[in-house]
Amino acid sequence: MEILKQIESLKLLPVIKLDSSENAAPLAEALIAGGLPAAEVTFRTDAAEDSIKIMTQKYPEMLTGAGTITSVDQAERAMAAGASFLVTAGFNRKVTEYAVANHIPIFPGICTPTELMLLLEYQLPVAKFFPAEQYGGLKTIKALSAPFPNIKFMPTGGINATNIKEYLACDKIIACGGSWMVKDSFINNHEFEKIRSLTAEAVTLIQKEA
Ligand code: 3PG
């Protein structure tokens, strides 16, 4: 699966909340200039749909997906806007079934073994483990991997420059999601140079051999 491979090679997926779609283009430029041409644009605001449209039309080289999807309607709108993958914070059967039926890569959010078993039902290879730090972080991922050795994880929630290397050293983790380089406050204050430099620092950090 191509999208999975791309996320795996980037190792870090910026989790973004845009309050205004006017910030979508400068944010995309900062991420591209920082060396991380990827975004999970969360449907936590009304600007998500337009922001995805702008990012995918103006910056087709970027890997742009939609996050925090809670309904099939949102999933359909995200895909129509150009998203190439879907992420949910928790497991939603309807959204998952829509994605599977339409061959759309989806990363359902889970944090328990019971939820993880739902991925097996739909033969999905990667779970978003969320909120990672609050639910035991790496220790929990390793424990979950024992009974479910074929599932991989994309942890997000509380991951930052101080702990990401530890997560990425685990072979069950394909990539981490994080917002520390793209905080809403930076975006709303138009601190795009700061976003570029924090992104570039993050890229240098994660590409460095352990
Ligand atoms: C997410 O939805 O993945 C999280 O909000 C990201 O968590 P973080 O803001 O702690 O990186």
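1. The loop between E7 and helix H7 (137-145) contains Pro-131, and in this predicted model the peptide bond that leads from Phe-130 into Pro-131 is cis, with an omega near -15 degrees. Most peptide bonds are trans, and a reader going through the backbone may therefore wish to look at this one. Phe-130, the residue on the other side of that cis bond, is also among the residues around the ligand.

2. A second backbone point concerns Thr-68, which is found in the loop between strand E3 (63-67) and helix H4 (72-81). Phi of Thr-68 is near 50 degrees, which is a positive value in a residue other than glycine, whereas most residues other than glycine have a negative phi.

3. Turning to the ligand, it sits in the largest pocket, and the residues around the ligand are Val-15, Arg-44, Lys-128, Phe-130, Thr-156, Gly-157, Gly-158, Gly-178 and Ser-179. By residue class, this shell divides into two nonpolar, five polar and two charged residues, with glycine counted as polar in that division.

4. Which residues place a polar atom 2.5 Å, 2.6 Å or 2.7 Å from a ligand oxygen? For Ser-179, an N or O atom of the side chain is 2.5 Å from an oxygen atom of the ligand, and for Lys-128 the corresponding distance, again to an N or O atom of the side chain, is 2.6 Å. Gly-158 takes part through its backbone, with a polar atom there 2.7 Å from an oxygen atom of the ligand. The ligand on its own has 310 Å² of accessible area, and the protein covers 81% of it.

5. The structure holds three aromatic pairs, one of which is formed by Phe-129 and Phe-153. The centres of these two rings are 6.5 Å apart and their planes stand at 85 degrees, so the pair is edge-to-face, given that planes over 60 degrees apart are classed in that way. Because Phe-129 lies in strand E7 (residues 126-129) and Phe-153 in strand E8 (residues 152-155), the pair ties together parts that are 24 residues apart in sequence.

How values were computed:
Residues numbered from 1 in each chain as written. Predicted model: local features only at pLDDT ≥ 70, side-chain atom pairs only at ≥ 80, totals over all residues. Heavy atoms only, no water. Near = heavy atom within 4 Å. Polar contact = N/O pair within 3.5 Å; in protein donor to acceptor, adjacent residues only side chain to side chain. Areas by Shrake-Rupley, 256 points an atom, 1.4 Å probe, with all protein chains shown as cover. 1 Å grid on protein atoms, 1.4 Å probe; cavity = no way out; pocket = protein on both sides within 12 Å on 5 of 7 lines; lining within 4 Å. Sits in = over half its atoms within 2 Å of the grid points. Phe/Tyr/Trp six-rings, centres within 6.5 Å; stacked < 30°, edge-to-face > 60°. Helix = DSSP H or I, 4+ residues; strand = E, 2+ residues; numbered from the N terminus.
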